[in-house]
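Here are a few exercises on salt bridges and a pocket. Have a go at each one before you read the solution.

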Amino acid sequence: MIRPKTEEEIELLRINGDLVSRTLAEVGKVVAPGVTTAKLNEVAETFIRDNGAIPSFKGFEGFPSALCISVNDVVVHGFPSDYVLKEGDIVSVDCGTLYKGYNGDSAYTFPVGEVDAETRKLLDVTKASLYKGIEAAVAGARTGDIGYAVQTYAESFGFSVVRELEGHGVGKEMHEEPGIPNYGRRGHGARLVDGMTICIEPMICAGGRGVYLARNGWAVHTSDHKNAAHYELTVVVRKGRAEQLSTFDYIEKDGNIKF
């Protein structure tokens, strides 16, 4: 069942959105060559708990960590580990919080040191496709309009869109209806109504769109082992223009990312 949120619920989602946004910025401060992905997870979990919230990913359906950390050809759901980040890597960090019964969810793909021009382009296009999707997330539109906006933008640069994974509604549950695919046809899918809260999260591949599931049952890799990028923001559907409940401003305006 798809249910619009009350303004009181939206405010709690906004608080969570702010917290996941600040958490990602804290993680971004320590992303560098020589740092393990386990260290990134430690920074995030400490920050979330210090702010009175719970890392919602930890223990969800058996997931072992506070963050999903996905390096290079891992699209999503990678485990933090002893892997040491190296110059030229990219690392997707997906973060969830639970505070006062509501969820926050956001993701950002960080470059590690200097990355090559094609990788920089992948990151820029994937993030821009997210904002294209947000522009389409208005009352009266449909989920297919969001997917169409993401897909056409990303594919116009020669990149491909993962089809097996999608965004989602969010509220008291981490994943609620409707699903928000990153491909689609305009005018198709569930109708968007004022007050719906959704996570839009393009997962874009430098090569083909094929993916496979790792033996651990979680990490999703590109089939051709080329890089993939992933960005996610939470928004509330409004008439005329969606409203962001999470933001990349803490990461980008505070100078944590070098462009």
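Before starting, one cut-off: a residue is called buried under 20% relative accessible area, exposed over 50%, and partly exposed in between. Keep in mind that this is a predicted model.

**Exercise 1.** Work out whether Lys39 and Glu42 are buried, partly exposed or exposed, and how they are placed in helix H2.

*Solution.* Start with Glu42: its relative accessibility is 46%, so it counts as partly exposed. Lys39 comes in at 36%, which makes it partly exposed too. Next, place them: they sit three residues apart in helix H2 (residues 37–50), so about one helical turn separates them. Finally, look at the side chains: Lys39 and Glu42 form a salt bridge, with 3.6 Å between the closest N and O atoms.

**Exercise 2.** Do the same for Asp124 and Arg120 in helix H3.

*Solution.* Both belong to helix H3 (residues 117–136), four residues apart, which is about one turn of the helix. Their side chains meet in a salt bridge, N to O 3.3 Å. Now the accessibility: Asp124 has 35%, so it is partly exposed. Arg120 has 17%, and that is under the 20% cut-off, so it counts as buried.

**Exercise 3.** Classify the two partners of the salt bridge between Glu9 and Arg3.

*Solution.* The N to O distance here is 2.9 Å. Glu9 has a relative accessible area of just 9%, so it is buried. Arg3, at 39%, counts as partly exposed.

**Exercise 4.** How many salt bridges does the model have, and which residues are linked in a network?

*Solution.* For the count, take a side-chain nitrogen of Lys or Arg within 4 Å of a carboxyl oxygen of Asp or Glu. By that rule you get 16 salt bridges. For the network, look for linked residues: Glu7, Glu11, Arg14, Asp194, Arg238 and Glu243.

**Exercise 5.** Describe the largest pocket: its volume, its lining and the elements that contribute to it.

*Solution.* First the volume, which is about 430 Å³. Then the lining: 23 residues, of which Phe60, His77, His168, His175 and Glu201 are the closest to the centre. Two strands give two or more residues to the lining, E7 (167–169) and E8 (176–180). E8 supplies the largest share, four residues. Last, sort the lining by class, and you find ten nonpolar, six polar and seven charged residues.

Note on methods:
Residues numbered from 1 in each chain as written. Predicted model: local features only at pLDDT ≥ 70, side-chain atom pairs only at ≥ 80, totals over all residues. Heavy atoms only, no water. 1 Å grid on protein atoms, 1.4 Å probe; cavity = no way out; pocket = protein on both sides within 12 Å on 5 of 7 lines; lining within 4 Å. Points joined across faces, edges and corners; volume = space filled by probe spheres on them. Nonpolar A, V, L, I, M, F, W, Y, C, P; charged D, E, K, R; others polar. Buried < 20%, exposed > 50% of the residue type's maximum accessible area, 1.4 Å probe, protein only.
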